[in-house]
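Below is a colleague's note on the model, set out as numbered points. Please read each point with the structure open beside the text.

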Amino acid sequence: MTDGFYISDGNEVLRDDIPAVVELIERTARWVNPETFRRLPVWAPHTARGQPLYDAGWTRRYTNTRKATGVTAEKFEGNVAALQALVAALDVASPKPKNWTVCHIWGYDDPSFAQQSSVVQDPRYFSCVANMVWLPTPLKRLHRHAPRNQGHAQGLRFPSLWMGL
């Protein structure tokens, strides 16, 4: 060890607190009613993350032009259609509340988070309401980021409400 202030591995520092984090996520997460899923499991089968965005007539690609550089680039689906699907499936009243984020449960198939996820790039899963949960924004990364926490997050896939499916 070198001179200086020693700081432990961040995952080790949090290890004993993971059950409290999981409880917080369980308590605050918003899930779609299973009956809603049974009636309409996929809400936006026309798109997935990374897909090109078109106008309503599917005749023109949407673009953005950066003011600073003047460079025009084509737009791609981020998470907008998934958010719209989840908010509609939850029947959230307008105006939509602030500081809530849609999270895909099976969103990442790369445990190192180094590659783009192929799961949310698949239209079968991108807007599948059983594959999404609405979390308060500060919690969005906590449910799957730390390696030890990933095991706990897997248990959050289906709350008790879904067990009868």
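1. Salt bridges come first: six of them are counted in this model, which is a predicted one. Side chains of opposite charge can pair when their charged atoms come close, and the pairs taken up in the next points can be checked one by one against the coordinates.

2. Which residues do shared salt bridges join into one network? E35, R38 and R39 are linked in this way through common partners. Within this group, E35 meets R38 with a distance of 3.2 Å from N to O, and E35 also pairs with R39, where the closest N and O atoms are 3.1 Å apart. Helix 3, which covers residues 34-39, holds both E35 and R38, and the two are three residues apart, about one turn of the helix. The other pair has a comparable setting, since E35 and R39 are four residues apart in helix 3 and about one helical turn separates them.

3. How exposed are the members of that network? E35 has a relative accessible area of 34% and is therefore classed as partly exposed, and R38, at 45%, is partly exposed too. R39 reaches 67% relative accessibility, so this residue counts as exposed.

4. A further salt bridge brings together the side chains of E74 and R61, with 2.9 Å between N and O. E74 belongs to strand 2 (residues 72-74), while R61 sits in the loop between helix 3 and strand 1 (63-65), so that the bridge ties together parts 13 residues apart in sequence. Is R61 buried or exposed? With a relative accessible area of 19%, R61 is buried, because the class takes in values under 20%; E74, by contrast, is partly exposed at 43%.

5. R61 deserves a second look for its aromatic surroundings. The charged end of R61 sits over the ring of Y54, at 5.6 Å from the ring centre, and it also sits over the ring of F76, where the distance to the centre is 5.0 Å. A reader who inspects this buried arginine may thus wish to display Y54, F76 and the salt-bridge partner E74 together.

6. Turning to ring pairs, the count comes to two aromatic pairs. One of them is formed by W100 and W134, whose centres are 5.3 Å apart and whose planes make an angle of 40°, an arrangement classed as tilted. This pair links distant parts of the chain, since W100 is in strand 3 (residues 100-104) and W134 in strand 4 (residues 132-136), with their positions 34 residues apart. The two partners fall into separate accessibility classes: W100 is partly exposed at 23%, whereas W134 is buried at 4%.

7. Helix 4 (residues 80-90) contributes the buried residues A81, A82, A85, L86, V87 and A89. What covers these buried residues? The cover includes helix 3, strand 3, helix 5 (123-126) and strand 4; among these elements, strands 3 and 4 are also those that carry the tryptophan pair of the previous point. Just after helix 4, D91 adopts a positive phi of about 60°, a backbone value that a reviewer may want to look at directly.

8. L142 lies in the loop between strand 4 and helix 6 (147-154) and is partly exposed, with a relative accessibility of 36%. The C-alpha atom of L142 is 8.4 Å from that of I25, although the two residues are 117 positions apart along the chain.

9. For the overall picture, the protein has six helices and four strands, which follow one another in the order α-α-α-β-β-α-β-α-β-α. Of the contacts with a separation of 6 or more, 73% are between residues 24 or more positions apart; the tryptophan pair, with partners 34 residues apart, is an instance of a link between distant parts of the chain. Of the 165 residues, 31% count as buried, and the accessible surface comes to about 10900 Å², 55% of which belongs to carbon and sulfur atoms.

Technical notes
Residues numbered from 1 in each chain as written. Predicted model: local features only at pLDDT ≥ 70, side-chain atom pairs only at ≥ 80, totals over all residues. Heavy atoms only, no water. Buried < 20%, exposed > 50% of the residue type's maximum accessible area, 1.4 Å probe, protein only. Contact = heavy atoms within 4.5 Å. Areas by Shrake-Rupley, 256 points an atom, 1.4 Å probe, with all protein chains shown as cover. Phe/Tyr/Trp six-rings, centres within 6.5 Å; stacked < 30°, edge-to-face > 60°. Lys NZ or Arg CZ within 6 Å of the ring centre and 35° of its normal. Salt bridge = Lys/Arg side-chain N within 4 Å of Asp/Glu carboxyl O.
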